[in-house]
Amino acid sequence: MADERYLRLNVPYADKEEVKSLFARWNHNEKFWYATNPKYYYRFAKWINTDVVITNSLGIVSAKMECWRCGEKTMVSGVGIQHNNMIFVTERLDLLNDFGIDLMIIPWSSAEKFIPTQLVQHAESNYHIKAAYSQAVNSTYLANTCSNCGALQGDHFVYGLTEEPLGINSEQELFLEEIPLLKGDLPILFEPNVQASPQTNLLSHTEVIRSKFSLTDYTIPQ
Ligand SMILES: [Zn+2]
């Protein structure tokens with residue numbers, strides 16, 4: 001299983017003959033069924049329970065921005081996924097697919113529902129991401145903070161619809177850290193209310209950097 005793409009499936013015992021007939025394979029050591037060809041993942045949608053699978057790698061996209069409070073340059077970021085690393089396993093999000101995407105940017109506050117804890121820790125250590133408290137919703141959410149003064153950089157400053165660093169019309173130089181997925185492909189819960197920017201013009205001014213870090217634990221906080 002080392003070099004091939006694979007996707008772990010949630011298969012109840014009663015369905016085992018059915019997945020077998022679709023050419024799912026069985027991992028003897030860890031006792032799970034898995035699919036091996038991303039092209040046919042959609043056939044296993046029933047045992048994936050999400051709409052989107054991320055294949056190969058997951059990214060963090062970043063840019064520089066002036067802090068609204070101290071005026072210093074600080075780094076802001078979000079989850080960034082290249083379109084050729086996204087597999088739509090149901091038809092529910094076909095509209096999004098048809099929209100045209102080269103890089104999907106998802107704010108940390110939306111992504112925290114489906115990204116592994118290990119990735120959050122990486123972002124906290126390297127991108128000034130912190131769990132911030134919001135009085136408005138009386139709960140915490142993941143947010144960009146200034147590396148100089150610590151001020152929260154609200155999502156509207158960072159991912160807004162215009163020329164904001166990670167907005168749809170951004171023309172800034174961006175960096176995409178591509179983080180390899182070592183435990184197989186990663187199904188993500190992509191709910192309709194997840195705020196995301198499908199963008200078709202960003203890769204042309206994005207430097208892609210292969211990360212030294214990789215994801216080995218897909219546990220998501222409950
Ligand atoms: Zn600042």
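**Exercise 1. Work out whether Phe 23 is buried or exposed, then place it in the fold.**

Start with the count: Phe 23 has 12 C-beta neighbours inside 10 Å, and therefore counts as exposed. The scale behind this uses C-beta atoms placed from the backbone: buried means 20 or more others within 10 Å, exposed 12 or fewer, and partly exposed in between. Next, find the element: Phe 23 sits in the loop between α1 (16–21) and β2 (25–27). Helices (H or I, at least four residues) and strands (E, at least two) are DSSP runs, numbered from the N terminus. Finally, check the backbone: phi of Phe 23 is near 70°, a positive value in a residue other than glycine.

A word on the model before we go on. It is predicted, so local features need pLDDT of at least 70 and side-chain atom pairs count only at pLDDT 80 or more, while totals for chains, interfaces and linings use all residues. Residues are numbered from 1 along each chain as its sequence is written.

**Exercise 2. Now do the same for Asn 56.**

Asn 56 lies in the loop between β4 (52–54) and β5 (57–66). Its phi is positive, about 70°, although Asn 56 is not a glycine. Because 15 C-beta neighbours fall inside 10 Å, Asn 56 counts as partly exposed.

**Exercise 3. Describe the surroundings of Ile 87.**

First, locate Ile 87 in strand β7 (residues 86–88). Then list its contacts (C-beta atoms, placed from the backbone, within 7 Å). Leaving out residues up to four places away in sequence, Ile 87 touches Pro 38, Tyr 41, Val 52, Val 53 and Thr 55. Last, with 19 C-beta neighbours inside 10 Å, Ile 87 counts as partly exposed.

Conventions:
Contact = placed C-beta atoms within 7 Å.
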